[in-house]
Structure formats: structure tokens, C-alpha cells
Amino acid sequence: TGKDVGMGGAYDIGPQRISWAQHMLTNWIGDHGFLHTLDISVRMPNLVGDVIWWRGTVTGKKIVDGHGLVQISLTATNQKEEISAFGTSTIVLPTRLSGPVVFPILRLLD
């Protein structure tokens, strides 16, 4: 229940909250893009009854080796406006110049 470890009640675990960020991003990306990197830092628990809103902001766009990259800054905020998790992501999207995303992507793109 969480009380036995001093949490005051049931709570989520970090990987669950990270999966919510992945879900939000892949919905935004659509069927023709690719979630290339995701780096999340979970800083506080989400107790049952808490609300979490994941938000992302585009912080950069560039083309690397013909791949259209979009850098995203992410935050998870609860109903008290506390940031419970944050991170970054790199998305690969099709471009007008390069066309569709070509797989496999064999290395980490910068």
C-alpha cells in the first residue's frame, strides 16, 4: 500500500510515469516519426489521487545525416503545480527535403 515504506499510501513508480511521457510523445509524433531518445528524472512520488500533466516544449530543430531531429524539454506537474519529473527527448520526423524516416537508425544522433 505504500504505508509500509513511509509513503502515506499507494503511489506510482518511476517507470510508470516515464511510460506516460512516452505515450504523450508517440501520440504527438504520429505514425511516421520515431522516438529516438528519452531521458527522464523522477523527483517526487505521485500518490493515488494526485494528477500529473506531462507537457513538452520544442527547444530545437536540426537535420543530422538526413534525419529531421526535434529536441523536446519535458515536465510533469501535479495539481499543486509541483514538478514531479522532468527530462528531454529527441524525436525523428520526416522532412520535406529528406522525405520519410529511414530505418534502421544505427547510431545515436546528436
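1. A nonpolar core is a set of buried Ala, Val, Leu, Ile, Met, Phe, Trp, Tyr and Cys residues joined through side-chain atoms within 4.5 Å. In this predicted model, the largest such core has 13 residues. Leu-25, Ile-40, Trp-54, Ile-72, Leu-74 and Ile-91 are the members with the most contacts inside this core.

2. Several elements contribute to this core. At least two of its residues come from each of helix H1 (14–29), strand E1 (34–42), strand E2 (52–64), strand E3 and strand E4 (83–93). Strand E3 provides the largest share, namely four residues. Another core, of six residues, lies apart from the one just described; Leu-69, Val-101, Ile-105 and Leu-109 are among its members.

3. On the overall architecture, the protein chain contains one helix and four strands. Their order along the sequence is α-β-β-β-β. The radius of gyration of the protein chain is 17 Å, whereas the globule rule gives 13 Å for 110 residues; the chain is therefore more spread out than a compact globule. Along the principal axes, the C-alpha trace spans about 55 × 25 × 20 Å.

4. Burial and contacts across the chain may be considered together. Of the 110 residues, 33% count as buried. Among contacts with a separation of 6 or more, 59% are between residues 24 or more positions apart.

5. As to the surface, the protein chain exposes about 7000 Å², and carbon and sulfur atoms supply 55% of this area. The side chains include 9 positive and 9 negative ones, and the centres of these two sets lie 5 Å apart.

6. Ile-40 merits a separate comment, as one of the residues with the most contacts inside the largest core. Which residues does Ile-40 contact, leaving aside its neighbours within four places in sequence? They are Ile-18, Ala-21, Trp-54, Leu-74, Ala-85, Phe-86 and Gly-87. Of these, Trp-54 and Leu-74 are also listed with Ile-40 among the core residues with the most contacts.

7. Thr-77 is located in strand E3, which comprises residues 67–78. Is Thr-77 buried or exposed? Thr-77 counts as buried, because its relative accessibility is 13% and the cut-off for burial is under 20%. Apart from neighbours within four places in sequence, Thr-77 contacts Val-51, Ile-52, Trp-53, Arg-55, Glu-82 and Ile-83.

Definitions and conventions: Residues numbered from 1 in each chain as written. Predicted model: local features only at pLDDT ≥ 70, side-chain atom pairs only at ≥ 80, totals over all residues. Heavy atoms only, no water. Rg over C-alpha atoms; globule rule 2.2 N^0.38 Å. Buried < 20%, exposed > 50% of the residue type's maximum accessible area, 1.4 Å probe, protein only. Contact = heavy atoms within 4.5 Å. Areas by Shrake-Rupley, 256 points an atom, 1.4 Å probe, with all protein chains shown as cover. Lys, Arg positive; Asp, Glu negative; His and termini not counted. Charge placed at Lys NZ, Arg CZ, Asp CG, Glu CD.
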